[in-house]
Structures are given as structure tokens and as C-alpha cells.
Amino acid sequence: MQAVTTEPTSLTTALQTHIAQAIVAAGGWIGFDRFMALALYTPGLGYYANDSTKFGAMPQSGSDFVTAPELTPLFGQTLALQVDEALAQTGTHAVWEFGAGSGALALQLLDALGDRVQRYTIVDLSGSLRARQQALLARHAHKLQWVDALPAQFEGVVVGNEVLDAMPVQLLARHGGHEGGVWHERGVAVHEGAFVWADRPTDLRPPVEIEGPHDYLTEIHAQGEGFIRTLADRLVRGAIFLLDYGFGESEYYHPQRHMGTVMCHQGHLADSDPLVAVGLKDITAHVNFTAMALAAQDAGLEVLGYTTQAHFLINCGLLPRMEQLPQAQRATAAKLIMEHEMGELFKVLALSKDTAWNALGFVRGDRSHRL
């Protein structure tokens with residue numbers, strides 16, 4: 001097992017050296033998707049593969065960002081109603097969670113679902129969080145298993161909270177307007193010991209024409225779409241719930257969104273430069289939910305629903321639960337549904353295999369027709 005590095009200077013130096021060697025071996029240039037994969041997932045060194053604190057409500061803890069399950073246990077408790085319905089509708093008894101992070105969501109779901117879940121499997125590329133998850137989930141140990149890849153066939157309910165946004169994306173940059181502009185794939189090279197952007201002409205294109213005379217930077221999501229296809233190929237019977245921040249295609253590739261959506265998170269501050277402090281900060285991109293839904297349908301999955309996190313959680317009964325909380329906790333939980341917090345930017349996409357029903361989380365406010 002590879003040693004895990006946590007001291008910032010040595011971690012960054014070791015990871016930078018590793019990535020620089022990969023760039024040299026590739027002829028002096030790698031696509032951003034390869035860079036992002038190396039920065040996040042290099043064993044022992046990448047952001048998700050080292051032991052730095054990542055998840056937490058406050059920067060004083062040494063954490064970099066907060067996800068909904070860390071914000072309030074009401075997130076998982078409310079999501080559990082939808083998972084419970086899905087287990088019943090699909091006749092299955094297993095939950096599969098991708099990218100379980102601190103284990104907070106798993107704990108909330110396991111506590112809420114009780115005997116409805118016979119097996120809870122955490123699928124995670126990074127082994128560094130496993131010990132933390134095992135400690136938190138100790139009382140459910142008899143139901144738990146960890147795997148780093150899906151089996152050839154499985155059934156049950158899949159949950160992925162902020163999983164798609166951490167999947168490597170390709171960057172496309174158009175120099176000049178849509179009629180005379182030239183598209184390039186933006187990648188990474190090394191210059192005087194530092195990582196620098198480098199563009200190469202490409203035949204790759206966004207899925208829609210980008211209007212306007214200006215330069216334009218955006219992403220395409222081949223790995224995310226591949227993930228959906230893998231789920232479709234291996235899920236025999238069940239449902240999938242993906243919660244993340246992003247847009248439908250028309251909004252994602254709006255002419256005014258010309259700077260792309262790649263963002264980094266460190267110490268609860270956001271920045272847009274993934275080429276510095278490599279390994280010490282998260283790198284994400286917003287999700288194109290239209291691309292995910294189309295990939296799902298093409299691969300034989302059915303779209304059960306698509307809506308905002310606010311609509312989804314309210315449909316699943318969040319508000320009565322909030323009313324029972326003390327004022328301070330109620331204000332925190334409200335961030336899940338407030339428009340300027342998580343409520344509008346975060347979306348929920350639900351898919352199914354071999355079973356379809358009017359899912360609870362989408363009874364009002366379903367936006368599937370807008371994908």
C-alpha cells in the first residue's frame with residue numbers, strides 16, 4: 001500500500017513531480033481531464049487520496065468545503081424517504097453509495113432506513129477515507145462493505161451526492177466568434193517548473209452551437225457520461241439518485257457562461273486556478289444534467305425525474321422536520337432549500353432500471369421536460 005502524504009509542502013512537491021513526469025512522458029502536454037484525474041486521485045498524493053481534512057462546516061477544522069450531509073442530518077433523513085420508496089418499488093434491499101466522503105450521509109441513511117437495508121456498499125476510488133467511515137459507521141458494520149469498483153451485475157438503489165462534479169472534464173476553448181472561431185482543447189504543460197495552460201486545435205465540440213463573437217471556455221463530460229453508462233450496463237434492477245450542482249444543457253452552454261465552470265475549494269474559499277496548490281484543494285466542474293440524462297436513456301435507463309434540490313427535499317417532507325428543530329438548527333437546515341444557497345443550483349436526477357413509478361421527490365416541480 002502506498003504511503004499517504006499529508007504535510008503540504010512535501011505533498012505538493014511530490015504530486016507536482018509526478019504530474020510533471022506524466023506530462024513529459026506524454027510529449028509535453030496532457031488534456032485537463034488527465035491533469036484533474038492526477039491531481040485528485042493519484043494514490044497517496046491526490047486530493048482525494050491523501051489524508052487532509054476535506055469535509056467540515058467551518059474552516060477552523062482544517063476542512064475545505066461542506067456538503068449537505070455535514071450541514072445537517074435532515075438531509076440524509078429526508079433523502080431516506082425517497083430511498084425507502086425506491087427500495088420498495090424495485091423490490092431490492094441494498095444501497096450503493098458512491099464517494100461517501102466523511103460517511104455522514106451513509107450514517108443518516110442507515111439510521112433512518114433500519115431493516116429496510118440489508119447491505120450498504122460504499123464504492124470509493126480513494127481508500128484514505130475508509131478508516132474514518134468505518135469508525136463513524138461502526139454500529140452498522142454488519143451491513144457494510146467497501147469496494148473500489150462495481151461488480152459485473154448488481155441491484156439496489158444507488159446514491160451519489162456531489163460525485164459527478166468531481167469527475168474529470170475536458171476543457172474546450174473557442175478563440176474568436178462562433179462563425180470564424182477555432183476550437184481548442186485546453187490542456188496543461190510545464191514551463192519553468194510551473195504548470196501552465198496550453199491549447200491545441202481539436203475536433204471536439206460542445207453538444208450545442210455557442211452563439212456570440214467572444215472567446216468561450218467550457219467543459220464536456222465524457223467521464224461522467226461513461227459513469228452513467230457503466231451503471232446502466234451493470235444495474236439489473238433498481239434506481240439511481242444523483243444530487244449535484246449544475247444545469248440543463250441550454251443553461252450550461254449559455255453564451256454568457258463564457259468562463260466555464262471549473263472551480264477549486266480550499267479552506268472554504270473558492271478560486272478558479274487548478275494549476276496551483278495541486279493536491280491541497282478540490283477541483284470540480286458543474287454537471288451538464290442533459291448530457292447525463294441522455295447518456296442514461298441511450299444506455300437503457302429511464303429518467304424518473306429531474307428537479308432542484310429544494311423541490312426534491314420539500315416533496316420528501318423536509319419542512320415538517322425543520323419545524324421541529326431549534327431556531328439555529330432550523331436556519332442551518334434552510335440552506336438546503338434557499339435559492340441563494342443550495343436550493344436552486346443543486347439538482348437531483350433520478351434514473352431507474354426495470355421499474356418506473358411516480359417518485360416522491362418529483363411530485364411537484366419536476367423539470368425533466370427542460371433537460
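**Exercise 1. Find how strand β11 pairs with β12, and what sits in the turn.**

Step 1. Strand β11 (residues 263-266) runs antiparallel to β12, and 3 bridges join the two. Strands here are DSSP runs of E with at least two residues, numbered from the N terminus, and two strands pair if DSSP finds at least two bridges between them.

Before going on, a word on the model: it is predicted, so local features need pLDDT of at least 70 and side-chain atom pairs pLDDT 80 or more, while totals for chains, interfaces and linings use all residues. Residues are numbered from 1 along each chain as its sequence is written, and side-chain values use heavy atoms, with hydrogens and water left out.

Step 2. Look across from Q266 and you'll find L269 in β12.

Step 3. The two strands make a hairpin with 2 residues between them, and G267 in the turn has a positive phi of about 60°.

**Exercise 2. Work out the strand order of the sheet that holds β11.**

Step 1. On to the other partner: β11 and β13 are antiparallel too, with 3 bridges. Here M263 stands opposite T284 in β13.

Step 2. Put the pairs together and you get an open sheet of 3 strands, in the order β12-β11-β13.

Step 3. Which strands stand at the edges? They are β12 (269-271) and β13 (282-284); each has a single partner strand, so one side of each lacks a neighbour in the sheet.

Step 4. On average, neighbouring strands in this sheet are turned by 25° against each other, direction ignored.

**Exercise 3. Describe the hairpin of β7 and β8.**

Step 1. Strand β7 (residues 182-191) pairs with strand β8 (residues 194-201) over 8 bridges, in the antiparallel sense.

Step 2. G187 has A198 in β8 as its bridge partner.

Step 3. There are 2 residues between the strands of this hairpin, and E192 takes a positive phi near 50°.

**Exercise 4. Describe how helices α7 and α9 meet.**

Step 1. Helix α7 (residues 222-234) and helix α9 (residues 289-298) have axes that come within 9 Å and cross at roughly 35°. Helices are DSSP runs of H or I with at least four residues; axes are lines fitted to C-alpha atoms over the stretch in contact, with angles from 0 to 180 degrees between N-to-C directions.

Step 2. For contact (heavy atoms within 4.5 Å), G224, E225, I228 and R229 in α7 meet A291, M292, A295 and A296 in α9.

Step 3. Sort these contact residues and you get 5 nonpolar, 1 polar and 2 charged. Ala, Val, Leu, Ile, Met, Phe, Trp, Tyr, Cys and Pro count as nonpolar, Asp, Glu, Lys and Arg as charged, and the others, Gly among them, as polar.

**Exercise 5. Explore the largest pocket and the largest cavity.**

Step 1. On a 1 Å grid over the protein atoms alone, a cavity is a set of points where a 1.4 Å probe fits but cannot get out; a pocket is an open set with protein on both sides within 12 Å along at least five of seven lines, and lining residues have an atom within 4 Å of a point. Points are joined across faces, edges and corners, and a volume is the space filled by probe spheres set on them.

Step 2. The largest pocket has a volume of about 750 Å³. Of its 36 lining residues, Y41, G99, L125, V163 and M167 are the closest to its centre.

Step 3. Which element gives the most to this pocket's lining? That's α7, with 5 residues.

Step 4. The largest cavity has a volume of about 40 Å³. Its lining includes M167, G224 and M292, and divides into 7 nonpolar, 3 polar and no charged residues.
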